[in-house]
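Student: I have a model open and want to work through it by question and answer. Can we begin?

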Amino acid sequence: MHNRDAVFLEDLCPKLRVRRWRQSLHTYTGKSCIYCGKPSESIDHVLPRSRGGLSVTENCVPACLSCNGHKSDADAFDWYRRQRFYDPRRAMAIRAWMDGDLRLALRLLQWAQPDLDTAQVADLENRNADDDLHSGGWQLQQA
Ligand SMILES: [Zn+2]
């Protein structure tokens, strides 16, 4: 993700990096569970670690303790479809999140949860716009 600014700090203090990273995940969803929308109190591995799921942003989503605990080692999408609070827009958001498209994921979450803190989405879009600018400039220099 867009953590290039923090690289040096992270190298100095891996614990800080993990904490900042976990906090940033919660911030993206307005501190709400990606499955049910309740306050997120934990980070859930969509593909469980027991099945080789990695601790990377694409596989880690904010989840409430209830969802995290109930899902356990089940397939996330199988489990999710069986829940009363199942929302196809959230399922799509999780797919987008796993594809690394956080912008799309947050748009879908906002659709499912209109009171989601939009400031975070705007912030993410601004950062992506900056990245586009930088990469464009870099290509220009190369040419
Ligand atoms: Zn939940």
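The questions below go from the overall fold to the metal site, the core and single residues.

Student: What pattern of helices and strands does the protein chain follow?

Tutor: This is a predicted model. Its secondary structure comes to 7 helices and 2 strands. Read along the sequence, the order is α-α-β-β-α-α-α-α-α.

Student: What share of the contacts in the protein chain with a separation of 6 or more joins residues 24 or more positions apart?

Tutor: The protein chain has 143 residues, and 38% of them count as buried. The exposed surface is about 8800 Å², with 52% supplied by carbon and sulfur atoms. For contacts with a separation of 6 or more, the share from residues 24 or more positions apart is 49%.

Student: Which residues are the protein donors of the zinc ion?

Tutor: Look at the spacing along the chain: C-x2-C-x27-C-x2-C. Each donor atom is an SG, lying 2.3 Å from the zinc ion. The donors are C33, C36, C64 and C67.

Student: What is the arrangement of the 4 donor atoms around the zinc ion?

Tutor: Check the angles. Four donors count as tetrahedral if all angles lie between 85 and 135 degrees. Here the angles run from 103 to 117 degrees, so the arrangement is tetrahedral.

Student: How far apart in space are C36 and C64, C-alpha to C-alpha?

Tutor: C36 lies in the loop between α2 and β1. Both C33 and C36 are buried. Beyond four places in sequence, C36 touches C64, C67, F85 and R90. C36 and C64 are 28 residues apart in sequence, and their C-alpha separation in space is 8.0 Å.

Student: Which residues of the largest nonpolar core touch the most other members?

Tutor: The core has 29 residues. The elements giving two or more residues to this core are α2 (14-28), β2 (60-63), α4 (76-81), α5 (88-98) and α6 (102-112). The residues that touch the most other members are Y35 and W97.

Student: Which residues of α5 are buried?

Tutor: Start with the cover. What covers the buried residues of α5 includes α2, β2, α4 and α6. W97, one of these buried residues, is in contact with residues including L25, Y28, V61, L102 and L106. The buried residues of α5 are R90, A91, A93, I94, A96 and W97.

Student: Which residue takes a positive phi just after α5?

Tutor: Take both ends of the helix. At the start of α5, a side-chain oxygen of D87 reaches to within 2.8 Å of the backbone nitrogen of R89. Just after α5, the phi is about 85 degrees, and the residue is G100.

Student: Is C60 buried or exposed?

Tutor: C60 lies in strand β2. Setting aside neighbours within four places in sequence, C60 is in contact with W21, L25, I43, D44, H45, L54, S55 and W97. Buried means under 20% relative accessible area. C60 has 0%, so C60 is buried.

Student: Which side chain makes a polar contact with the side chain of S42?

Tutor: S42 belongs to strand β1, residues 42-45. S42 is buried, because its relative accessible area is 11%. The S42 side chain reaches the backbone oxygen of A63 at 2.9 Å. The polar contact from side chain to side chain, also at 2.9 Å, is with N68.

Student: Where is S40, and is S40 buried or exposed?

Tutor: S40 is in the loop between α2 and β1. Beyond four places in sequence, contacts of S40 include H26, K31, C33, P62 and C64. The relative accessibility of S40 is 12%, so S40 counts as buried.

Student: Is K31 buried or exposed?

Tutor: K31 is found in the loop between α2 and β1. K31 is not a glycine, yet has a positive phi of about 55 degrees. Exposed means over 50% relative accessible area. K31 has 55%, so K31 is exposed.

Student: What is the relative accessible area of S72?

Tutor: S72 is found in the loop between α3 (65-71) and α4. S72 has a positive phi of about 50 degrees although not a glycine. S72 is partly exposed, because its relative accessible area is 43%.

Conventions
Residues are numbered from 1 along each chain as its sequence is written. This is a predicted model: local features need pLDDT of at least 70, side-chain atom pairs count only at pLDDT 80 or more; totals for chains, interfaces and linings use all residues. Side-chain values use heavy atoms; hydrogens and water are left out. Donors are N, O and S atoms within 2.8 Å of the metal (3.2 Å for Na, K and Ca); water is not among the atoms, so sites may look incomplete. Four donors count as tetrahedral if all angles lie between 85 and 135 degrees; four count as square planar and six as octahedral if opposite donors are over 155 degrees apart and all others between 65 and 115; anything else is irregular. Buried means under 20% relative accessible area, exposed over 50%, partly exposed in between (1.4 Å probe, protein chains only). A nonpolar core is a set of buried Ala, Val, Leu, Ile, Met, Phe, Trp, Tyr and Cys residues joined through side-chain atoms within 4.5 Å. Helices (H or I, at least four residues) and strands (E, at least two) are DSSP runs, numbered from the N terminus. Contact means heavy atoms within 4.5 Å. A polar contact is a pair of N or O atoms within 3.5 Å; within protein, one must be able to donate a hydrogen and the other to accept it, and residues adjacent in sequence count only if both atoms are side-chain atoms. Accessible areas come from the Shrake-Rupley method with a 1.4 Å probe; for residues, only the protein chains shown count as cover.
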